[in-house]
Amino acid sequence: MGYKDFIKLFGTPSAIIAENENFKSLELLYEFTNITLPKEENFKYFFYRVRPLDKCDIFFSVDEGEAIAIRKDSDFTSDLENVKILVSGHEIGEVINVKINIYKTIDENYFYFYSKDCFYTYLQAFDTYGLASFFSSNFFDHSSKINIVLRDFEGSLISDKILISASYIAQNDDFEIREKRFNNIISNNHSSFFGKLKVLPEDFIFEGDGFFTSSLKEHIDRVAKILVVSTIFDITDLSENVFYYKLNGYKSISHTEKIEDISTKNLEDFYNIYQWIYTGGNIVDKIGLARNIISLHLKDNSSLELNGNVFESLKSSFKIYEKQNIKQYIEVRNKMSDQLIDYGKRVVTITDNFAGGFQKSALALVTFFSSLIVTKILAAPKNNADFVFYSTLITGVFIIVTVLYMVVSRMELLQQEERFKKSYQDFKKRYTDLLTDEDIERIVNKDEEHKADVAFIKTKLNWYTNLWIGVLCTIALATVIYYFFG
């Protein structure tokens, strides 16, 4: 039994003074010129239909006289008898007041309304900013969905944050993504009010088989449209009963609208654009393109109405934009690939120079040492002590010079290796303005080729150093043998 059915048991009210309900309480006040008291069973059934967590009091009074209360959680038989006496004793012309108060117990984000009409009236009493601000207040837990149960509601309506139905429906929602979207919106727009709210446009976009009254739907849609526009346009401000917006696109548009003059037409177009901008991809590129396209399709003095299918035009424009970017991307990628090939050539040059130095030095030393032996054999059949001493001395000097040359060559190669590494890192940094870090890493194959080049340099350094030392040791040993047995 709803309260309206219960009131009908008393008769027809001569006046409805109040039918007010909010998230905390319900207050009903009626005036009767004559009254018929329902039976005790009717009172019990009415109290039974009140939520167990809620308190309910019914007050009866005549004119300005003292009221008699019948309370939900008490044995009200005697009180009902007193009410009968009060009613039976009233005179013609006197007004009998019937007042019903229900005090609600708040249960986290679960709220109960005894009348959808009162709920609708309550929401429509807010202005545009007030409604968004109310659902952003600390009265609600913003880490979960708001469940609103309307006793006489049919079907259900659900948005990203609010669920309206005739019975409680448990919801498991991930609200972490909302914080990221809030930050993205605030970072890309200048709004005097959006940063103060804890609601998003999708919180006022409802789907389902339930229905609002046309006036309430228009009121909620207007809130949604203003929020959506504020996420796309450059600058927005909402104060009292006016909405200011500025859009910098191909055309610059600046205007102030009265809230009641803002049309809810094209809400779906604006909402689709909003979802497209803030769902994946580069938000800066998307919002810039959206502002350009909207500025061309916005009607003059039209209360934020659009000409044509703007969302389809936007998607087509973005495809062209992507193709242009892909062409530039391929050009940049090919340029980087060419530079990577040059780095490979540099590695070959560095190692070849080091190897060439070894070859020249070793060949010169071996040639000199061999010429001494051949000269000795051809010039003097018998050993000459002076010749052996001086030739050994000169060979030793050559070996020392060659060792020094080897050390210098190694140091030079190590310096070139460090310069090669630094040059490679600088090369990657130069492209950070054009490409993301992920793209750069993908193009350079996570530095696999660079690591292979560095490893190649180290391998060549160690291999030729060992060979160089081996040649020097061999000639040094031969020189010693030559000196003592030559």
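This section describes the sheets, a helix packed on one of them, and selected polar interactions in a predicted model.

Two open sheets are considered here. One open sheet comprises five strands in the order E6-E7-E9-E8-E11, and its pairing is mixed. Strand E6 (110-113) and strand E11 (207-208) occupy the edges, each with a single partner strand, so one side of each is left without a neighbour in the sheet. Within this sheet, strand E8 (residues 156-158) and strand E9 (residues 162-165) run antiparallel and are joined by three bridges. Ser 156 has Ser 165 of E9 as its bridge partner.

The other open sheet is built from four strands, ordered E10-E12-E13-E14, again with mixed pairing. Its edges are formed by strand E10 (190-191) and strand E14 (252-258); each has a single partner strand, and therefore one side of each lacks a neighbour in the sheet. Strand E13 (residues 242-248) is antiparallel to E14, and seven bridges connect the two. Leu 247 is paired in this way with Ile 253 of E14. In general, the strands of a sheet pair through backbone hydrogen bonds, in either a parallel or an antiparallel manner.

Helix H4 is associated with the five-stranded sheet. The helix lies across E6, strand E7 (146-150) and E9, and runs at about 130 degrees to E7. Helix H4 spans residues 116-124, and its buried residues are Cys 118, Phe 119, Tyr 120 and Leu 123. The N-terminal end of H4 is capped by Ser 115, a side-chain oxygen of which lies 3.3 Å from the backbone nitrogen of Asp 117.

Ser 115 is also approached by Glu 21, a residue of strand E1 (residues 15-21). A polar atom of the Glu 21 side chain lies 3.1 Å from the backbone nitrogen of Ser 115, and one lies 2.7 Å from the backbone nitrogen of Tyr 114. Glu 21 counts as buried because its relative accessibility is 4%, below the 20% cut-off. Apart from neighbours within four places in sequence, the residues in contact with Glu 21 are Leu 26, Lys 104, Tyr 112, Phe 113, Tyr 114, Ser 115, Cys 118 and Tyr 122. Cys 118 in this set is also one of the buried residues of H4.

The structure contains 14 salt bridges. One of these links Asp 54 and Arg 51, with the closest N and O atoms 2.9 Å apart; both residues are buried. Another is formed between Asp 57 and Arg 71, for which the closest N and O atoms are 3.0 Å apart. This pair connects distant parts of the chain, since Asp 57 belongs to strand E3 (residues 55-62) and Arg 71 to strand E4 (residues 68-71), 14 residues apart. Asp 57 counts as buried, at 12% relative accessibility, whereas Arg 71, at 39%, counts as partly exposed.

A further salt bridge joins the side chains of Lys 84 and Glu 81, with an N to O distance of 3.7 Å. Lys 84 and Glu 81 are three residues apart in helix H3 (residues 77-88), and are therefore separated by about one helical turn. Lys 84 is partly exposed at 37% relative accessibility, and Glu 81 is partly exposed with a relative accessible area of 40%. In addition, Asp 160, Arg 178 and Asp 203 are joined into one network by salt bridges that share partners.

Technical notes:
Residues are numbered from 1 along each chain as its sequence is written. This is a predicted model: local features need pLDDT of at least 70, side-chain atom pairs count only at pLDDT 80 or more; totals for chains, interfaces and linings use all residues. Side-chain values use heavy atoms; hydrogens and water are left out. Buried means under 20% relative accessible area, exposed over 50%, partly exposed in between (1.4 Å probe, protein chains only). A polar contact is a pair of N or O atoms within 3.5 Å; within protein, one must be able to donate a hydrogen and the other to accept it, and residues adjacent in sequence count only if both atoms are side-chain atoms. Two strands pair if DSSP finds at least two bridges between them. Contact means heavy atoms within 4.5 Å. Axes are lines fitted to C-alpha atoms, for helices over the stretch in contact, and angles run from 0 to 180 degrees between N-to-C directions. A salt bridge is a side-chain nitrogen of Lys or Arg within 4 Å of a carboxyl oxygen of Asp or Glu.
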